[in-house]
Amino acid sequence: MYAFRNEGISSAEHRVTAKLTAARIPDDYHFDRLEYPNTFIPNRGAAWTISFKPEDSEEKTSHRRNINSYNHYLDQLDSIKGFKEFFVEHHCCVSREEITKEWSRTTADYNVKANDLNHAR
């Protein structure tokens, strides 16, 4: 089992990473989607402040948009034939450049485009 993060949620720079939480990869290996409000915000001060905001506040709306973007990105990764195996072979840390080299720039830039679309809504 792995816990995944990407730049919109974890502030990682151009990387998708995972933390190994089990000794071996299970047969039903899959990416876990995030669900609002069950997410962890690393900055506890910001998390506390956001928790008191109304549901229609810009902070909570932005947080939900980031969660949607992250989940769409996981869907895209899920659709790439061989990505999960590639990800595990690279110790659960791949860069945008590695994805470009293995597949294409279009595939690597999917998350950037998804974020642009989500912010345009």
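In what order do the elements of the chain run from the N terminus on? I read them as β-α-β-α-α-α-β-α-α-α.

**Entry 1: the model and its confidence**

I note at the outset that this is a predicted model. I looked up the confidence of the chain and found a mean pLDDT of 77, with 67% of the residues at 70 or more. I then turned to residues 1-12, where the pLDDT is below 50. I recorded that this stretch nevertheless has 48 contacts in the model beyond near neighbours in sequence. Residues 114-121 also stay under 50 in pLDDT, and for them I found seven contacts beyond four places in sequence. I keep in mind that predicted coordinates should not be read in detail where pLDDT is low.

**Entry 2: the chain as a whole**

I counted the elements next, and there are seven helices and three strands. I also looked up burial: of the 121 residues in the chain, 32% are buried. For contacts between residues at least 6 apart in sequence, I noted that 56% join residues at least 24 apart.

**Entry 3: the nonpolar core**

Which residues have the most contacts inside the largest nonpolar core? I listed Phe 31, Leu 74, Leu 77, Phe 83, Phe 87, Val 94 and Ile 99, in a core of 15 residues. I then asked which elements give two or more residues to this core, and they are helix H3 (58-79) and H4. H3 supplies the largest share, five residues.

**Entry 4: aromatic pairs**

I looked for paired rings and found four aromatic pairs. One of them joins Trp 48 and Phe 52 in an edge-to-face arrangement, with 5.1 Å from centre to centre and 75° between the planes. I checked whether these two residues are buried or exposed. Trp 48 has 59% relative accessibility and therefore counts as exposed. Phe 52, at 61%, counts as exposed as well.

I then examined the pair of Phe 83 and Trp 103, which is tilted, with 5.8 Å between the centres and 45° between the planes. Where do its two partners lie? Phe 83 belongs to helix H4 (residues 83-89), whereas Trp 103 sits in the loop between helix H5 (96-102) and helix H6 (105-108), so the pair ties together parts that are 20 residues apart in sequence. I recorded Phe 83 as buried, because its relative accessibility is 1%. Trp 103 has a relative accessible area of 27% and is partly exposed. I also noted that ring pairs link Phe 83, Phe 86, Phe 87 and Trp 103 into a cluster. Two members of this cluster, Phe 83 and Phe 87, had already appeared in my list for the core.

**Entry 5: Tyr 36 and Pro 37**

I looked at the ring of Tyr 36 and found Arg 64 lying over its face, at 5.1 Å from the ring centre. I then checked the peptide bond from Tyr 36 to Pro 37, which is cis, with omega near 5°. I located Pro 37 in the loop between strand S2 (15-20) and helix H2 (44-51).

**Entry 6: salt bridges**

How many salt bridges does the structure hold? I recorded seven. I took the bridge between Glu 59 and Lys 53 to begin with, and its closest N and O atoms are 3.6 Å apart. Glu 59 is partly exposed, with a relative accessible area of 34%. Lys 53 also counts as partly exposed, at 30%.

I next looked up the bridge in which the side chains of Lys 60 and Glu 55 meet, at 3.0 Å from N to O. Is Lys 60 buried or exposed? I found Lys 60 to be buried, with a relative accessible area of 8%. Its partner Glu 55 is partly exposed, at 43%.

A further bridge joins Glu 58 and Arg 65, with the closest N and O atoms 3.1 Å apart. I noted a relative accessible area of 51% for Glu 58, which is exposed; since the cut-off for exposed is over 50%, this value passes it.

Finally, I traced a network of salt bridges that links Arg 33, Asp 75, Asp 78 and Lys 84.

Definitions and conventions
Residues are numbered from 1 along each chain as its sequence is written. This is a predicted model: local features need pLDDT of at least 70, side-chain atom pairs count only at pLDDT 80 or more; totals for chains, interfaces and linings use all residues. Side-chain values use heavy atoms; hydrogens and water are left out. Rings of Phe, Tyr and Trp (its six-membered ring) pair if their centres lie within 6.5 Å; planes under 30 degrees apart count as stacked, over 60 as edge-to-face and the rest as tilted. Buried means under 20% relative accessible area, exposed over 50%, partly exposed in between (1.4 Å probe, protein chains only). Helices (H or I, at least four residues) and strands (E, at least two) are DSSP runs, numbered from the N terminus. A charge sits over a ring if NZ of Lys or CZ of Arg is within 6 Å of the ring centre and within 35 degrees of the ring normal. A nonpolar core is a set of buried Ala, Val, Leu, Ile, Met, Phe, Trp, Tyr and Cys residues joined through side-chain atoms within 4.5 Å. pLDDT is the predictor's confidence in each residue, from 0 to 100. Contact means heavy atoms within 4.5 Å. A salt bridge is a side-chain nitrogen of Lys or Arg within 4 Å of a carboxyl oxygen of Asp or Glu.
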